[in-house]
Amino acid sequence: MVGAWLQKNTGFLLVITVCACTASAQSDLQKISTDEVRKLVYEAIRTHDPHHQIDVSRVENRYDPVFVYFEVTWPNPSGSPHLGNFAVNPWTGDVFNADGCELQASPSLKKLQASIRKQLQLKEKEYLRLRAKRPICGKD
C-alpha cells in the first residue's frame, strides 16, 4: 500500500524535499540587519526627495514574511504624508518599490548595497540566485 503511494507521488515528495532544502539553505545565509535595511530604504527614497525629512517605518506583511517591508512618510501639512511602500530582500539588499514592484537603483544606493554585500561575504553565484526572488507587490 505504501509502496504504491510512493510510486504515484514520487514527484510530489521530490518537490517537498527540494523546497525544504532551499528554505534551509536560505536560513543558513546571513541576513542584513534591520538598521542596514532601514538605511537602504532611506537611500532609495533620498535620491528622489533629498530635501525632506522622512520617516521610515517597518510594517508587517503577513502574506510575504520573506521580505522586509517599510512605509515611508514625510511631514506634509497640506496633503498626504505617504511617500511609498518598499520591500527589501534581507539577503541581497535589493530594494523594491512595493507599490509597483520596481527595483530601485541609484549610484549611492548601489554603493551602499555593495558595501553591505561585501560585509556579508555574499558570493556572486549566491547573489544571482537570491536576486531572482521578488516581493509580493501592489500589482500582484
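How many residues apart in helix α5 are Arg129 and Glu126? The answer comes in point 6, after a look at the whole model.

1. **Confidence.** This is a predicted model, so some caution belongs at the start. The protein averages a pLDDT of 79. A score of at least 70 is reached by 74% of the residues. Residues 11-25 need particular care when you read the model: pLDDT stays under 50 there. For this stretch the model has three contacts beyond four places in sequence.

2. **Overall build.** The protein has five helices and five strands. Read from the N terminus, the order of elements is α-α-α-β-β-β-β-β-α-α. There are 140 residues, and 34% of them count as buried. The exposed area is about 9200 Å², and carbon and sulfur atoms supply 56% of that area. Now take the contacts between residues at least 6 apart in sequence. Of these, 51% join residues at least 24 apart.

3. **Helix α3.** This helix covers residues 34-46. Its 13 residues reach 18 Å from the first C-alpha to the last. That is close to the 18 Å expected at 1.5 Å a residue. The buried residues of α3 are Glu36, Val37, Leu40, Val41, Glu43, Ala44 and Ile45. What do they pack against? Their partners are the strands β1 (55-59), β2 (68-73), β3 and β4, together with helix α4 (107-120).

4. **Salt bridges, in total.** How many salt bridges does a search of the whole structure find? The search finds five. The next points take up some of them.

5. **Arg46 and Glu43.** Arg46 forms a salt bridge with Glu43. The closest N and O atoms are 2.8 Å apart. Both residues lie in α3, three residues apart, or about one turn of the helix. An α-helix has 3.6 residues a turn, so residues three or four places apart point the same way. Is each partner buried or exposed? Glu43 counts as buried, at 11% relative accessibility. Arg46 is partly exposed, with a relative accessible area of 29%. The cut-off matters here: buried means under 20%.

6. **Arg129 and Glu126.** Here is the answer to the opening question. These two residues are three residues apart in helix α5, so about one helical turn separates them. Their side chains meet in a salt bridge, at 2.7 Å from N to O. Arg129 is partly exposed, with a relative accessible area of 33%. Glu126 also counts as partly exposed, at 25% relative accessibility.

7. **Arg131 and Asp94.** The side chains of Arg131 and Asp94 meet in a salt bridge at 3.8 Å, N to O. Where do the two partners sit? Arg131 lies in helix α5 (residues 124-131), while Asp94 lies in the loop between β3 (82-88) and β4 (95-97), so the pair ties together parts that are 37 residues apart in sequence. Asp94 is buried, at 4% relative accessibility. Arg131 is partly exposed, with a relative accessible area of 33%. The pair is also part of a network: salt bridges link Asp94, Arg117 and Arg131.

8. **Thr92.** Look next at Thr92, which lies in the loop between β3 and β4. Thr92 is buried, with a relative accessible area of 0%. The side chain of Thr92 reaches the backbone nitrogen of Asp94 at 3.1 Å. Leaving out residues up to four places away in sequence, Thr92 touches Ile32, Arg117, Leu122, Tyr127, Leu130 and Arg131. Two names here, Arg117 and Arg131, also belong to the salt-bridge network with Asp94.

9. **Phe96.** Phe96 is found in strand β4. Is this residue buried or exposed? Phe96 is buried, with a relative accessible area of 1%. Its contacts, apart from neighbours within four places in sequence, include Phe67, Asn85, Phe86 and Ala87. Cys101, Glu102, Leu103 and Gln104 are also among them. So are Lys133, Arg134 and Pro135. Phe96 and Cys137 are 41 residues apart in sequence. In space, their C-alpha atoms are 8.8 Å apart.

Definitions and conventions
Residues are numbered from 1 along each chain as its sequence is written. This is a predicted model: local features need pLDDT of at least 70, side-chain atom pairs count only at pLDDT 80 or more; totals for chains, interfaces and linings use all residues. Side-chain values use heavy atoms; hydrogens and water are left out. A salt bridge is a side-chain nitrogen of Lys or Arg within 4 Å of a carboxyl oxygen of Asp or Glu. Helices (H or I, at least four residues) and strands (E, at least two) are DSSP runs, numbered from the N terminus. Buried means under 20% relative accessible area, exposed over 50%, partly exposed in between (1.4 Å probe, protein chains only). Contact means heavy atoms within 4.5 Å. The expected span of a helix is 1.5 Å times one less than its number of residues. Accessible areas come from the Shrake-Rupley method with a 1.4 Å probe; for residues, only the protein chains shown count as cover. A polar contact is a pair of N or O atoms within 3.5 Å; within protein, one must be able to donate a hydrogen and the other to accept it, and residues adjacent in sequence count only if both atoms are side-chain atoms. pLDDT is the predictor's confidence in each residue, from 0 to 100.
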